[in-house]
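Open your viewer, show the cartoon, and keep the selection box handy. We will go from stop to stop, with a residue or element to pick at each one.

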Amino acid sequence: MPNGTSTGLLRGRYRLLELIGQGGMGAVYKATDEFLGRNVAIKIFLANATAPADVRRQEDEVNILASLSHHSLVTLLDAAVDRSDPARPRIYLVMELVEGADLQRKLARGPLPVRQIAQLAYDLAEGLEYIHSRGVVHRDIKPANVLLVDYNGDNSRTRAKLTDFGIALLAESERFTAEGSATGSAHYMSPEQAKGDPVGPASDVYALGLVLLECFTGVVAFPGAAVPSALARLMNDPEIPATVPAAWAGLIGAMTARDPRDRPLVHDLVLAMRQLIIGASGRHRAGAPVQLAATRPIVRPGAPESSDEEGRMTAVRRYDLLDTPPDGAFDRITALAARIFQVPIALVSVVDYDRIWFKSRHGLTVEQIDRDAGLCASAILQAEPWVVTDARSDARALANPLVAGEMGLQFYAGVPLTSRDGHNLGALCLIDFVPREFSPAEQATLADLAAMVMSELELRLDSRQALLNGRSLRG
């Protein structure tokens, strides 16, 4: 254990208890905060006081972490320099102590269930979206830097927290590594990192793709010694076994493209991961309350609050749409939409707890599909038209089984059907099997048709209510 102050405490406050882990840049200890009476994690850097670049890098990590606050990141509580030994000043970080294993230890026991992979991927994508929006690139995404916490204690939802920003640098800042050298762990670094080129957010996306692939397979995609492992990805894409579900295989393949320009943006990854877990999050019938808030859905500014799933389903039942016979009024609208936009399929969909029911379907024979298979489940999270012009290159849709499977969906445009009280019941949507552009004017036309659907629904609801009121007065 490293030297402390004369009282055995760092700055007279933190008592080191036991070593948790050690790496090339420092050691992490479990410690007690004597002031607040709580356990914390403390990272003490292995600084070389005679190397200004080393000290500067450590100070940079302190500044980065001090500016970040997100539920998918380990929280920084304090940062300082211990000068009890003037000849060996030590920078240290005080962080929340995450009780539980890291992802590396969990993967040592084998692959993870698909639903857990989706949940962890969603957490990590959100964390990366947050740090990238603040100009920070992590540069060392790997299973050992993903801490797992089970707040409920029942394995129902394990949260992932990203830690160790030891080599994270501001994306536009000077690189403190030697010219041409690579930073990051060899098994997970991106091709541009392996070449020693400047890196950006796409490098984190690549590393996350390798981590997710390992979650499915239980093995490292590029094994071996550091140099051969790093060089292998310059010539080859990672092998994605046939055992990886098709939707995931397409998404991971895009994330691990050798050219960073071909990788999806992390914002689109968040939407794709949300698509993968939304069905499982909503798989509750009446009598089993849905807790979508636990998955922190992404809602754009002005969008309805989609975490109120019970309120939304109450609105769906109020309009009496589910399991009802074909309706000429809505069939005329979908037929009109198909003619206007020259698409093979147009639908009026209603999103149920665990399925999507088609109130009107032009060009489609099935009455319903699983909720997690339908893009309409994503469309109802928006306040404006949700358009996928080319599903083969859009990370939001790569994870969808209708895109990756036999149907071969390539284009989707959906406008939410929003009730008077702000709940999205479903969507008026268009589907095509070839990519296509969808102009703002076309989006406005589709929105007008969706308004016609809602106008018809509101008229019917008002008529039923008036009839019920009349009966009540006569009674």
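## First stop: Lys 43

Select Lys 43, which sits in strand E3 (residues 38-45). Helices (H or I, at least four residues) and strands (E, at least two) are DSSP runs, numbered from the N terminus. The UniProt annotation "binding site", from an unreviewed entry, covers Lys 43. UniProt positions are given in the numbering used here, feature names are shortened, and annotations may be inferred rather than shown by experiment. With 6% relative accessibility, Lys 43 counts as buried; buried means under 20% relative accessible area, exposed over 50%, and partly exposed in between (1.4 Å probe, protein chains only).

Before moving on, note that this is a predicted model, in which local features need pLDDT of at least 70, side-chain atom pairs count only at pLDDT 80 or more, and totals for chains, interfaces and linings use all residues. Residues are numbered from 1 along each chain as its sequence is written, and side-chain values use heavy atoms, with hydrogens and water left out.

## Zoom out: the whole chain

Now show everything. The protein chain has 14 helices and 15 strands. Of its 475 residues, 52% are buried. Contact here means heavy atoms within 4.5 Å. Among the contacts in the chain with a separation of 6 or more, 62% are between residues 24 or more positions apart.

## Arg 90

Next, pick Arg 90, found in strand E5 (residues 90-96). Is Arg 90 buried or exposed? Its relative accessible area is 6%, so Arg 90 is buried. Add Phe 45 to the selection: the two residues are 45 residues apart along the chain, yet their C-alpha atoms are separated by 6.4 Å.

## Helix H3

Select residues 114-133, which form helix H3. At 1.5 Å a residue, its 20 residues should span 28 Å, and the end C-alpha atoms are indeed 28 Å apart. The expected span of a helix is 1.5 Å times one less than its number of residues. Turn on a surface around the helix: 16 of the 20 residues of H3 are buried, so H3 is largely enclosed by the rest of the structure. After H3 comes Gly 135, with a positive phi near 75°.

## H3 against H5

Keep H3 shown and add helix H5 (residues 201-217). Two packed helices are described by the angle between their axes and the distance between the axes. For H3 and H5, the angle is about 170° and the axes are 11 Å apart. Axes are lines fitted to C-alpha atoms, for helices over the stretch in contact, and angles run from 0 to 180 degrees between N-to-C directions. H3 and H5 are therefore roughly antiparallel to each other; angles under 35 degrees count as roughly parallel, over 145 as roughly antiparallel, 65 to 115 as roughly perpendicular and the rest as oblique.

Which way does H3 pass H5? The crossing is right-handed. A crossing is left-handed if the near helix is turned anticlockwise from the far one by less than a right angle, and right-handed if clockwise. To see the interface, show side chains: the H3 residues that meet H5 include Ile 117, Leu 124 and Leu 128, and their partners in H5 include Leu 208, Leu 212 and Phe 216.

## H5 and its other partner

Stay on H5. Its 17 residues should span 24 Å at 1.5 Å a residue, which agrees with the 25 Å between its end C-alpha atoms. Since 14 of these 17 residues are buried, H5 is largely enclosed by the rest of the structure. Just after H5, Gly 218 takes a positive phi of about 80°.

Now add helix H7 (residues 246-255), whose axis comes within 8 Å of that of H5 and crosses it at roughly 145°. The crossing of H5 and H7 is left-handed. Trp 248, Ile 252 and Met 255 of H7 make the contact with H5 residues including Val 205, Tyr 206 and Gly 209.

## Loops to finish

- **Arg 139** lies in the loop between strand E6 (136-137) and strand E7 (146-149). Its phi is near 75°, positive in a residue other than glycine, and Arg 139 is buried, with a relative accessible area of 6%.
- **Ser 419** is in the loop between strand E14 (411-418) and strand E15 (424-432). Ser 419 counts as buried at 5% relative accessibility. Leaving aside neighbours within four places in sequence, its contacts include Tyr 319, Met 454 and Glu 458.
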